[in-house]
Amino acid sequence: MTDFDVLIVGGGPSGLMLANELGARGVKCLLLDAKASTAFNPQANATQARTMEHYRRLGFAHEIRALGLPGDHPTDIAYFTRLNGYELARLSLPTANEAVEKIKTMKGSWSAAELPHRVSQKFVETVLKKHAQSFANNDIRYAHRLIDFEDQGDCVLARFCALATPDQIESIKVKYLVAGDGPKSSVRHALGISYTGETGVKRSYMGGQMFAVYMRSKDLYQHIPHPRAWMYVTVNPKRRGFLASVDGHEQFAFHSAVSESENPEHWAEKEARQLLLEFMGCAVDFEILSIQTWTAGHSLVAERFQQGRVFLMGDAAHLFTPTGGLGYNTAIEDAVNLGWKLATAIARPELAGLLNTYEVERRPLALRNTNYAREFADSVGLYPVTPAIEDNTPEGQAERERAGVHFNAHVRKEFNIPGVTFGGRYDHSPIIISDGSTAPVDQANTYTPTATPGGRPPHAWLNDGSSLYDHFGRDWTLINLTSGHEIEDAHTLVAKQMGIELKCLKPNALDLPELETLYQAHWVIVRPDQMVAYRHPITAKEGAPEPLALWRQLLAA
Ligand SMILES: Cc1cc2nc3c(=O)[nH]c(=O)nc-3n(C[C@H](O)[C@H](O)[C@H](O)COP(=O)(O)OP(=O)(O)OC[C@H]3O[C@@H](n4cnc5c(N)ncnc54)[C@H](O)[C@@H]3O)c2cc1C
């Protein structure tokens with residue numbers, strides 16, 4: 001028996017992110033992953049802006065932004081009949097270098113500390129792992145497998161082994177077990193929790209089996225007679241698919257739709273070459289790094305995210321069709337939500353009731369995000385393509401124009417999603433205190449900054465070039481927009497009594513006079529996951545709740 005507080009099963013993005021959240025808060029944590037190390041395959045390829053803001057909060061967004069494509073590589077998403085054929089539609093997006101500068105001048109929907117970053121999950125995982133390992137209280141073990149576990153009511157007993165020594169079984173007693181063990185989650189199965197929702201949806205693209213080839217090709221770009229992009233999508237009746245650049249030079253992730261009459265179970269190099277030929281419209285020299293099949297067409301959410309002392313997060317809790325790039329990003333936000341609550345419950349067991357709000361807050365978000373992904377999949381995958389689209393005739397030209405109109409609208413719908421990334425809210429959570437205001441309507445492509453409790457705090461840039469978020473505390477933050485110190489004093493005292501770390505921010509210390517207008521508040525409390533928990537609005541007719549009562553609600557005490 002070893003002495004750990006939390007056992008994390010799975011060292012994918014959700015497990016590693018949770019190890020960072022817990023590691024930073026001094027929780028003793030063991031992470032097990034059955035793989036030799038972090039992902040070899042590229043997997044997810046879009047890190048959303050809100051995820052980047054969380055990486056910034058943990059201090060490594062700049063490391064992630066430096067990974068993947070070279071800083072000056074375009075990140076456009078473009079649609080073609082075939083890659084050496086006609087271009088149909090394009091969304092031009094900033095390079096990584098431009099993104100860092102551009103965000104400082106953006107307003108409205110993109111008023112944020114970070115823009116999205118196009119980078120393969122395999123690279124992100126290496127940074128998450130490096131930082132998770134930097135905490136002395138974390139023990140990160142790859143090539144180790146959870147065998148089984150038992151929730152004993154006051155603790156969880158688990159057994160695991162190193163893959164190299166399967167006979168040497170180790171036992172561990174922990175306060176909590178968190179399963180970030182992917183879509184086939186053995187923990188979820190052992191708990192008897194099922195996914196609910198839709199699966200097996202058929203579309204000509206993004207609904208059905210997909211054949212994925214991770215490849216190296218030194219001359220692929222030479223065969224594309226169009227401006228450089230990051231993601232290339234094909235629209236033709238024969239072979240729909242997408243190709244994403246992994247390193248901007250020679251590594252690519254090619255994902256091809258497989259028709260219902262095909263069976264890719266035993267497909268290998270010969271089929272990979274044929275599929276790429278059909279996708280490109282010409283032969284290309286390439287080396288295969290790996291081959292996988294996967295299934296698109298899921299919108300699945302687990303019935304429960306918690307059972308006793310065991311929690312589910314990431315793909316173990318929800319399974320997406322990857323349109324919109326929401327699976328991995330939703331997984332990260334699960335870990336962010338659970339991290340501070342677990343750390344609080346471990347440090348202050350009398351606040352363990354907070355843990356019951358994890359499912360209350362995250363399950364509706366999983367339903368919301370899987371719905372958005374499904375809408376994007378319908379939009380891109382149900383488009384009726386006719387053979388004429390490739391013809392050099394007036395009819396072909398008309399077909400391409402029709403497709404161009406559709407995909408130019410689609411690409412903005414799927415890839416310009418500030419509303420999805422910033423607009424997730426916990427309005428109905430018992431630990432959010434409503435001020436009676438109503439949040440703006442949830443829309444994928446528009447985000448309206450608001451300090452209405454339950455959502456992301458409005459962002460602002462300071463004169464010194466820092467983000468308002470850079471000044472928030474690691475845990476709780478009180479933004480005091482009054483001229484006095486009474487609010488700070490009262491809340492600091494109560495936070496101390498409750499064993500909570502509270503940082504107080506005064507706007508004059510931030511040189512940001514417009515904060516009162518932006519927040520429409522006298523004072524605001526922001527949670528450790530950078531969500532507004534309470535706002536005392538400038539229009540308030542009544543006094544604020546008494547501080548102890550307020551904190552008791554915010555902490556589910
Ligand atoms: C081909 C492909 C393309 C994708 N594209 C996108 C995309 O464009 N955008 C997007 O957002 N998402 C995409 N995804 C999904 C994304 O990769 C997942 O949503 C993400 O990896 C989920 O992270 P996770 O931490 O929940 O689980 P995972 O990354 O699946 O990690 C689970 C880990 O648990 C480990 N494990 C399982 N059982 C045990 C056990 N008993 N003991 C120890 N370890 C165990 C596994 O080894 C694994 O490493 C894609 C996925 C695939 C396969």
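**Exercise 1. Find which atom of Gly-325 approaches the ligand, and how much of the ligand the protein covers.**

Solution. In this predicted model, a backbone N or O atom of Gly-325 lies 3.3 Å from an oxygen atom of the ligand. As the next step, take the ligand on its own, with 990 Å² of accessible area, of which the protein covers 85%. Then ask which elements give two or more residues to the shell around the ligand: they are helix H1 (13-24), strand E2 (29-33), strand E8 (144-151) and helix H8 (327-347). The largest share of this shell comes from E8, which gives three residues.

**Exercise 2. Describe the residues that surround the ligand, and give the distances for Lys-35 and Asp-315.**

Solution. Begin with the count, which is 30 residues around the ligand, the closest being Ser-14, Asp-33, Lys-35, Gln-121 and Asp-315. Sorted by class, the shell holds 11 nonpolar, 14 polar and five charged residues. Turning to single side chains, a polar atom in the side chain of Lys-35 lies 2.5 Å from an oxygen atom of the ligand, while for Asp-315 a polar side-chain atom lies 2.8 Å from an oxygen atom of the ligand.

**Exercise 3. Decide whether H1 is roughly parallel or antiparallel to H5, and do likewise for H9 and H10.**

Solution. For the first pair, H1 and helix H5 (residues 121-133) pack with their axes 9 Å apart and at an angle of about 25 degrees. Angles under 35 degrees count as roughly parallel, and therefore H1 is roughly parallel to H5. The crossing of these two helices, H1 and H5, is left-handed.

For the second pair, helix H9 (residues 356-381) packs with helix H10 (residues 394-415) at an angle of about 165 degrees, their axes being 10 Å apart. Angles over 145 degrees count as roughly antiparallel, so H9 is roughly antiparallel to H10. The crossing of H9 and H10 is left-handed.

Note on methods:
Residues numbered from 1 in each chain as written. Predicted model: local features only at pLDDT ≥ 70, side-chain atom pairs only at ≥ 80, totals over all residues. Heavy atoms only, no water. Near = heavy atom within 4 Å. Polar contact = N/O pair within 3.5 Å; in protein donor to acceptor, adjacent residues only side chain to side chain. Areas by Shrake-Rupley, 256 points an atom, 1.4 Å probe, with all protein chains shown as cover. Helix = DSSP H or I, 4+ residues; strand = E, 2+ residues; numbered from the N terminus. Nonpolar A, V, L, I, M, F, W, Y, C, P; charged D, E, K, R; others polar. Axes fitted to C-alpha atoms, helices over the stretch in contact; angles between N-to-C directions. Parallel < 35°, antiparallel > 145°, perpendicular 65-115°, else oblique. Left-handed = near helix turned anticlockwise from the far one by under 90°.
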